[in-house]
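Visitor: Could you take me for a close look at one part of this protein, a helix and the turn of chain that follows? I would like to see how that part sits in the whole.

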Amino acid sequence: MATGGEGTRYETFDTSGPEDDLIPQQSASMKIKIRGEKSIERFQEKFGTLPEYFVQVPGRVNLIGEHIDYCGYGVFPMAIEQDVILSCRKVFNNDENCLSTLQITNTQRQYVDYECRLDQIKHILCSREEGKGPEWYYYFLCGVEGVLQHFSLLDNGGKKLPSLEISLDGSIPQSAGLSSSSAVVCAAALATILVNGIRMRKDEMASLCAKSERYIGTEGGGMDQAIAMLASSGTAQLIEFIPSLHGEKVFLPSTAVFVIANCLAKANKAASSAFNIRVAECRLGTWILGKRNGIVDWSNFNRLKDLQRYLGFSFNDMKALLDKEIHPESYGSSDIAEILELNTDQLSQKPLMKKIPFESTRFELYNRLKHVVEEAERVQLFRKACEDKNPGMMGELMYQSHWSLSKLYDCSHPFLDTLVKISEGSAFGARLTGAGWGGCMVALVDQVHIHAYLELITNEFFKPIHGMDKVDQRHLFVTMPGQGATIYFNEYTEIGDQWKMER
């Protein structure tokens, strides 16, 4: 059990394991205060006092393993230096009948301040207009709502909960495939559990945040939230989701570095149905494979890896099964319904199918599942290449991954393809990172040639395509594996004093 505000007790997870399993909490150093200077200044300007604590959550770059987390397969991300940082304070209401509120402000003034009651958040999220990109604060609301629902904190109507005052500052490029939105969701959830006196393990927090982000309407698989919580400085992580979420630290070759280039085509996966259609294609294909293998409860297999484990198949077995049971041509909704022995109306009412234009979509089941199986295998080969300190093999797998995403998954962008083509011959490997349709490329480069490579990308991509003679670190930068989410307490406030006494 964990103690919440005003003596309330909430059911939470077992935190009796090693301290390393919990989200780190520490006194705010001068370094974090310098990083959070904009957020602190905005907080004081808005709320007239100092923040009590800070929440820092990094962005991430996925090195390989794209669009396979929601199929249950392992992925290979690392945290980056760019992050979201919150300055926070909890406020108790003297009037026990007063409903608790959230007030949030952003250091970037183009984003309007937002305020709402905590008991209104679910309605606000459910009322969002489909097909339109969400306002910046919606991602924050997702993180708060996920915690409120998971711990049933609104059972008393939102009374006696502390209100939250938040100032947000972010350095992760937006709509760039570097997980800026997930970082906001995770930061919001951490702020909410903290003010309610709850501590959670990193893996449980990652799972909660993955579920929370689905309030925005996309059916992600959990990679972004997992690396945000599990990341450790100096290593990438092989993150597995089955049989349970866990991360394995993997050291990268010291002779190579990763470069991120933003193609400057923005990609907001919550603004269209393209992302959810890809998830649906994988799920529909998995159901067909299950049905045609005589599995009675085929509809219970939503992830391809679950089916693979059930059948006891290798990757080669899965490739052969796919070639046998699913043809390369696209399927209509009625074709799939006939195979599954359902009518189209029944199939269209399945939870995920209600989020896409089901009846009008042509589903590319073979191409999507072919990418998923081969990409999952590439992740395992990439890990072996890391262990062997073989950047050449790592790079070749990255190139294979990109062209599979471009041709089989149809989620690249001409700018991304151009960046990868420019990189061939100058980088060990390169690929799009994130959901795609724009955003960033990640390249693996020999550290001896790093300056020449940066100059190449500037001269052959940014200058001719975007008219940029000089490129700043928002668009082109070298990155190293960073630290995961951390909570910092301001020693000069009441909550900081309380934290120090508990140590």
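**A helix, its exit loop and its surroundings**

Guide: Let's start at Asp410, which counts as partly exposed at 46% relative accessibility, a value between the 20% and 50% cut-offs. Please keep in mind that this is a predicted model. Asp410 belongs to the loop that joins α14 and α15. Its backbone deserves a look too: phi is near 50 degrees, a positive value in a residue that is not glycine.

Now step back from that loop into α14 itself. The helix covers residues 391–407, 17 residues in total. From its first C-alpha to its last it reaches 24 Å, close to the 24 Å expected at 1.5 Å a residue. Of its 17 residues 12 are buried, so α14 is largely enclosed by the rest of the structure. If you colour the buried positions, you will pick out Pro391, Met394, Gly395, Leu397, Met398 and Tyr399, and then Ser401, His402, Trp403, Ser404, Leu405 and Ser406. As you turn the helix in your viewer, one general point helps: an α-helix has 3.6 residues a turn, so residues three or four places apart point the same way.

What do the buried residues of α14 pack against? Their partners include two helices, α13 (365–387) and α15 (414–423). They also pack against the strands β11 (256–262), β12 (429–433) and β13 (440–446).

Of these partners, α13 is worth a short visit. Its 23 residues should span 33 Å at 1.5 Å a residue, and its end C-alpha atoms lie 34 Å apart, which agrees. Just after α13 comes Lys389, with a positive phi of about 55 degrees. So α14 is not the end of the story for backbone angles, and there is another such residue further back in the chain. Glu341, also not a glycine, takes a positive phi of about 60 degrees. Glu341 sits in the loop between α11 (333–339) and α12 (344–348), and at 62% relative accessibility it counts as exposed.

A different kind of backbone feature is found at Pro243, in the loop between β9 (236–240) and β10 (246–250). The peptide bond leading from Ile242 to Pro243 is cis, and its omega is near 5 degrees.

Finally, let me place our helix within the whole. The protein has 17 helices and 15 strands. Its radius of gyration is 23 Å, close to the 23 Å given by the globule rule for 503 residues, so it is as compact as a globular protein of that length. The C-alpha trace spans about 65 × 60 × 45 Å along the principal axes. Buried residues make up 57% of the 503 residues. Among contacts with a separation of 6 or more, 75% join residues 24 or more positions apart.

Note on methods: Residues numbered from 1 in each chain as written. Predicted model: local features only at pLDDT ≥ 70, side-chain atom pairs only at ≥ 80, totals over all residues. Heavy atoms only, no water. Helix = DSSP H or I, 4+ residues; strand = E, 2+ residues; numbered from the N terminus. Rg over C-alpha atoms; globule rule 2.2 N^0.38 Å. Buried < 20%, exposed > 50% of the residue type's maximum accessible area, 1.4 Å probe, protein only. Contact = heavy atoms within 4.5 Å. Expected span 1.5 Å × (residues − 1).
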